[in-house]
Amino acid sequence: MVQVTTETRLLICGQAPGRRVHESGLPFDDPSGDRLRQWLGLDRDAFYTDPRICVAPMAFCFPGTNPKGGDYPPPPRCAALWRRSLLACLPKVELTLLVGGYAQRWALQHASGRSMTATVRAWRIHGPAVIPLPHPSWRSTVWLRRNPWFEEELAPHLRNRIAAILGGAATPHQPAS
């Protein structure tokens, strides 16, 4: 489940598609995607049609459901096999969003915090080209209540940054000729 173009300016790096996304074939086509688009200040149409907005998770396919609850994490071998070569083909990226701890640990390595919260709280030190975000799943609801600074400081900054990158308006994907 990857959606990138040579026009990519905003790269969204999550962990792996969930079951619903795997079945629909659209990245973030679930309630977590609704929350993510709200954080980004983007509507559904812009998110899926603007060629400058792209998604490349740590694993391209659904890793399966853990019998203990939730989905399995993205297999580390996925990113190890393809991530660096894919990113090398995206020279116009101005902002990379690291959604969740798996993406943050891979991309930031030793610069990631001791926890996802610590990494996101220190978002200013990773910018302007990288912004770490919590995963927007329903499980983040309690996290958001405990960390009001996210919606007070980071979310408005994120929306402003994305509006600046996209020029305030999204342009639709053009079919290949």
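Two strands count as paired when DSSP finds at least two bridges between them. Keep that in mind for the views below, which come from a predicted model.

**View 1. The open sheet and its edges.** Here are four strands, lined up in the order S2-S1-S3-S4 to make an open sheet. The pairing is parallel. Look at the two ends of that order: strand S2 (53-55) and strand S4 (130-133) each have a single partner strand, so one side of each is left without a neighbour in the sheet. Going from one strand to the next, the twist averages 20°. As a bit of background, strands of a sheet pair through backbone hydrogen bonds, either parallel or antiparallel.

**View 2. Where S3 meets S4.** Now zoom in on strand S3, which covers residues 95-99. S3 and S4 pair in the parallel sense, and four bridges link them. To find your way around, pick out Val99, which sits opposite Leu133 in S4.

**View 3. A helix laid over the strands.** Helix H5 is made of residues 101-108. This helix lies across S3 and S4, and across strand S1 (10-13) too. Compared with S3, helix H5 runs at about 130°.

**View 4. Glu7 and its two partners.** Glu7 is a handy place to start with the salt bridges, of which the model has seven. One partner of Glu7 is Arg9, with the closest N and O atoms 3.7 Å apart. Another salt bridge joins the side chains of Glu7 and Lys92, this time at 3.2 Å from N to O. Glu7 belongs to the segment before S1, while Lys92 is in the loop between helix H4 (76-88) and S3, so this pair ties together parts that are 85 residues apart in sequence. How open are these side chains? Glu7 is partly exposed, at 31% relative accessible area, and Lys92 is partly exposed as well, at 35%. Arg9 has 18% relative accessibility and counts as buried, because the cut-off for buried is under 20%.

**View 5. A buried pair, and a network.** Asp50 and Arg52 bring their side chains together in a salt bridge, 2.6 Å from N to O. Are these two buried or exposed? Asp50 is buried, with a relative accessible area of 0%, and Arg52 is buried too, at 14%. Elsewhere, salt bridges with shared partners link up Glu7, Arg9, Lys92 and Glu94 as one network.

Terms used:
Residues numbered from 1 in each chain as written. Predicted model: local features only at pLDDT ≥ 70, side-chain atom pairs only at ≥ 80, totals over all residues. Heavy atoms only, no water. Axes fitted to C-alpha atoms, helices over the stretch in contact; angles between N-to-C directions. Contact = heavy atoms within 4.5 Å. Salt bridge = Lys/Arg side-chain N within 4 Å of Asp/Glu carboxyl O. Buried < 20%, exposed > 50% of the residue type's maximum accessible area, 1.4 Å probe, protein only.
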